[in-house]
Amino acid sequence: MAKLSVDLLGLTFRNPILPAAGPNVGNGRQLRLTAEGGAGGLLAKTVSVRAAEVPRPDMVRYGQTGMLNTELWTELSPEEWLDREYDIGLAAAREHGIPFLASIGYTPDELRSIGPKVEAKGVDAIEFSIHYLDPARLIDTARALRESVKCPIIAKLTPHKGDLGELAAMIEPYVDAFACINSYGPTMRIDIDHVEPTLGSSLGYGWLSGTPIRPLALRSVFEVARRVSKPVIGVGGIANPKDVIAHFMAGASAVQVCTVILLRGQNYYAKLVRGVSDWLDAHGYDDINQVRGRYLERLGLKV
Amino acid sequence: MANLAVELNGLRFPTPVIAGAGPTTEGAAAMAAAARGGAGGLVAHTVLPKPYLLTAEPSVVPYGRDGLLTNQRGSHVSPADVAYPTDLGVPVIASLAATAAEVADLGPRLVAAGAQALEFATVFLTWPEVVEALQALRRAVNVPIWAKLSLRHGEDIADRAAQIEPFVDAFVCMSGFGPVLDIDVDADGASRVSDPYGYAWLSGAPIHPIAVRTVFEVARRVTKPVIASGGAMAAREVVEFLQVGASLVQVTTLPILKGPTAYGELTDNLNEWLDGHGYADVADITQLYLKKWRHGQRVVITSEEAPRLDEARCTGCTICGLVCYWDAIVAKPKAMPIINPDRCFECGLCVSACPEDALSFRPRTEVTLLP
């Protein structure tokens with residue numbers, strides 16, 4: 001049995017497969033199911049200074065392992081999270097001996113307001129999601145959270161037409177890790193029989209996730225990993241154990257999954273973990289960290 | 001049998017399903033095979049000022065069952081050797097990628113070689129170079145010019161289209177998506193496509209929702225015709241492209257995966273769809289969605305609806321229960337799922353995930369607890 005636990009941000013995760021922020025971790029009960037399902041750590045859905053007003057419908061399956069969404073952040077208020085949901089999730093994490101991460105958004109002022117309250121709940125690290133690519137705003141945002149909390153912080157980046165590594169390098173002084181990538185959009189799928197949008201956003205647009213974006217995610221992870229020295233968490237299109245290995249080879253130190261869990265259920269973590277373990281055994285590795293950065297190594301780049 | 005013929009830029013296409021530029025339209029034999037296979041028009045493989053010499057294989061690999069990754073930039077045939085077949089009964093369009101300085105020679109050369117229109121691939125140039133090259137091409141030729149747009153130039157694709165609209169006669173949305181990277185973990189972490197960084201361009205079903213959005217967005221903005229390209233693998237996607245604003249649909253990945261008869265099969269399936277839905281002419285569905293939704297819809301942020309079960313269709317597979325994150329569906333194998341409309345968030349996942357199409361949204365008051 002290969003070693004699957006990973007050390008990251010001063011925390012030990014029992015395996016490298018974590019949830020990505022989404023409805024799969026949308027309340028305390030789902031966080032508990034995520035822990036029971038076998039995730040290596042927990043991460044709660046993005047909380048902001050107010051509840052999101054989510055257009056309905058907000059999710060549509062695309063193919064067997066893809067999806068379009070017009071989700072925003074949590075539809076629960078910050079008070080509901082601070083008074084109840086975080087406690088349920090934290091209790092589940094402690095029971096399973098795994099770290100608990102929060103996700104918050106979005107502007108510098110919002111992060112300054114919500115960050116310390118979330119940290120006071122006892123979370124182990126905080127991820128913040130960035131949906132824009134303007135360098136000055138990126139730095140302001142990262143710095144605002146850095147100055148507001150003491151726990152490790154993770155910048156979740158949005159895919160980019162240029163080199164995502166350049167943007168990551170700009171905020172590296174303020175953050176402890178990166179998560180790459182958010183879903184890609186806008187994209188669109190219509191109901192041809194009724195000539196109607198499938199999603200409730202004003203133009204029917206949604207953001208694409210799952211298998212269709214895996215090659216975009218791998219490119220982004222590679223570009224960030226070759227440029228920065230802090231750890232990268234790979235997110236995007238993981239549907240089977242080999243996809244986890246591919247993210248590691250591109251430079252990831254852990255991964256997050258959302259779409260495949262939404263479509264296959266919370267118990268799919270255990271199947272992914274077992275599959276990764278089997279793959280490592282079959283290929284003669286005794287630790288998942290041995291495959292990390294293999295793609296960069298092949299190109300003669302640093303690991 | 002619905003009428004499928006489309007006229008665009010003065011050219012008559014017997015079906016809106018046409019062959020996009022790629023290895024399946026390289027050379028006279030391949031183009032003849034595509035025409036025989038039922039393509040309504042042919043965009044020949046992209047000609048470059050200097051032929052593209054493949055230095056690295058593999059250059060085209062499958063991505064999943066219905067996608068491709070490629071590093072091919074264009075044809076390996078030299079401009080001097082290009083000759084297009086003119087006796088195939090469908091329009092022949094040349095595709096080219098070149099700078100402003102190069103199009104003055106290359107454009108007229110391709111017209112002389114038999115091209116009835118030119119498709120200009122923007123993906124390899126910076127945006128200022130694209131604008132300059134299209135202006136030069138407009139001065140150099142009298143045939144219609146199609147600009148094939150790429151998201152590489154940014155997400156504001158409609159702004160880009162509007163900027164070049166004076167110099168072109170139609171827009172093609174969109175080029176392959178990229179650059180992207182896919183890693184073969186069983187080959188010790190090698191890229192699945194050869195390139196200095198292993199980068200590739202993605203096409204086929206994975207990029208279809210991206211292409212649909214770009215077609216819709218460009219069609220909302222410009223007055224000249226839009227031609228769709230990106231992941232049309234079945235009649236459903238052709239219909240979707242036409243409804244959101246396309247006049248023609250290019251297919252490239254599909255015939256690479258399935259062979260040249262794929263064009264005709266797609267056309268037959270389009271015909272069946274039109275017949276089944278009571279449309280006599282493909283023009284009846286063109287821009288149907290665009291006209292209805294170009295200004296958007298009212299955004300609903302509460303659950304006004306919930307899924308209603310069509311019991312005759314339900315097989316008791318339990319997928320709806322598995323994908324419900326609001327505890328609104330209890331599904332047990334071989335039984336009808338129990339839907340609680342009061343808990344439903346109206347997220348839509350169960351409706352779209354149901355393999356039997358047994359769920360559809362209805363006002364909440366019409367959805368009763370089952371069974």
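The exercises below work through selected local and global features of a predicted two-chain model, each with a solution in steps.

**Exercise 1. Confidence and domains of chain B**

Find what scores the model carries, what average pLDDT chain B has, and how far apart the centres of the two domains of chain B lie.

*Solution.* Start with the model as a whole, which scores ipTM 0.97 and pTM 0.97. Then turn to chain B, where the pLDDT averages 95 and 98% of the residues score at least 70. The domain assignment divides this chain into domain 1, covering 6–293, and domain 2, covering 305–366. Taken over C-alpha atoms, the centres of domain 1 of chain B and domain 2 of chain B are separated by 39 Å.

**Exercise 2. The interface between the chains**

Determine how many residues of chain B are in contact with chain A, which elements of chain B supply at least two residues each to that side, and how the residues of that side divide by class.

*Solution.* Counting contacts comes first: 48 residues of chain B are in contact with 51 residues of chain A. On the side of chain B that touches chain A, at least two residues each are supplied by strand E11 (177–181), strand E14 (199–204), helix H5 (208–221), helix H6 (235–244), H9 and helix H11 (349–353). Sorting the residues of this side of chain B by class then gives 31 nonpolar, nine polar and eight charged.

**Exercise 3. Two packed helices and a strand residue in chain B**

Describe how helix H2 and helix H3 of chain B pack, and then establish whether B:Phe120 is buried or exposed and which residues B:Phe120 contacts beyond its sequence neighbours.

*Solution.* Take the geometry of the pair first: helix H2 (residues 100–112) and helix H3 (residues 127–140) of chain B pack at an angle of about 35°, with their axes 8 Å apart, and the crossing of H2(B) past H3(B) is right-handed. Next, list the residues that meet: H2(B) contributes B:Ala100, B:Val103, B:Ala104, B:Gly107 and B:Pro108, while H3(B) contributes B:Glu132, B:Ala133, B:Ala136, B:Leu137 and B:Ala140. By class, this contact of H2(B) with H3(B) has eight nonpolar, one polar and one charged residues.

For the second part, locate B:Phe120 in strand E8 (residues 117–121) of chain B. Because 27 other C-beta atoms lie within 10 Å, B:Phe120 is buried. Leaving aside neighbours within four places in sequence, the contacts of B:Phe120 include B:Ala133 and B:Leu137, and those two residues also belong to the H3(B) side of the helix contact. The other contacts of B:Phe120 are B:Leu96, B:Leu134, B:Ile145, B:Trp146, B:Ala147 and B:Lys148. One of these, B:Ala147, is 27 residues apart from B:Phe120 along the chain, yet their C-alpha atoms are separated by 4.9 Å.

**Exercise 4. Unusual backbone geometry**

Identify which residues of chain A are joined by cis peptide bonds, and where B:Gln287, with its positive phi, is found.

*Solution.* A cis peptide bond, with omega about 0°, joins A:Gly105 and A:Tyr106, and A:Tyr106 is found in the loop between strand E7 (100–104) and helix H3 (108–120) of chain A. Another cis peptide bond, also with omega about 0°, joins A:Gly185 and A:Pro186, where A:Pro186 lies in strand E11 (residues 184–188) of chain A. As for phi, B:Gln287 is not a glycine but has a positive value of about 65°. B:Gln287 is found in the loop between helix H8 (262–276) and helix H9 (288–293) of chain B, and counts as partly exposed because 17 other C-beta atoms lie within 10 Å.

**Exercise 5. Two loop residues in chain A**

Work out why A:Leu9 counts as buried, and which residues A:Pro152 touches beyond its sequence neighbours.

*Solution.* A:Leu9 lies in the loop between strand E1 (6–8) and strand E2 (11–13) of chain A, and its phi is near 60°, a positive value in a residue other than glycine. A:Leu9 counts as buried because it has 22 C-beta neighbours inside 10 Å, where the cut-off is 20 or more. A:Pro152, in the loop between helix H4 (135–148) and strand E9 (153–157) of chain A, is likewise buried, with 20 other C-beta atoms within 10 Å. Not counting residues up to four places away in sequence, A:Pro152 touches A:Leu9, A:Gly10, A:Ala125, A:Asp176 and A:Ala177.

Conventions:
Residues are numbered from 1 along each chain as its sequence is written. Chains are lettered from A and ligands numbered from 1 in the order in which they are written. This is a predicted model: local features need pLDDT of at least 70, side-chain atom pairs count only at pLDDT 80 or more; totals for chains, interfaces and linings use all residues. Helices (H or I, at least four residues) and strands (E, at least two) are DSSP runs, numbered from the N terminus. A residue is buried if 20 or more other C-beta atoms lie within 10 Å of its own, exposed if 12 or fewer, and partly exposed in between; C-beta atoms are placed from the backbone. Axes are lines fitted to C-alpha atoms, for helices over the stretch in contact, and angles run from 0 to 180 degrees between N-to-C directions. A crossing is left-handed if the near helix is turned anticlockwise from the far one by less than a right angle, and right-handed if clockwise. Two residues are in contact if their C-beta atoms, placed from the backbone, lie within 7 Å. Ala, Val, Leu, Ile, Met, Phe, Trp, Tyr, Cys and Pro count as nonpolar, Asp, Glu, Lys and Arg as charged, and the others, Gly among them, as polar. pLDDT is the predictor's confidence in each residue, from 0 to 100. Domain bounds come from an automatic or database domain assignment.
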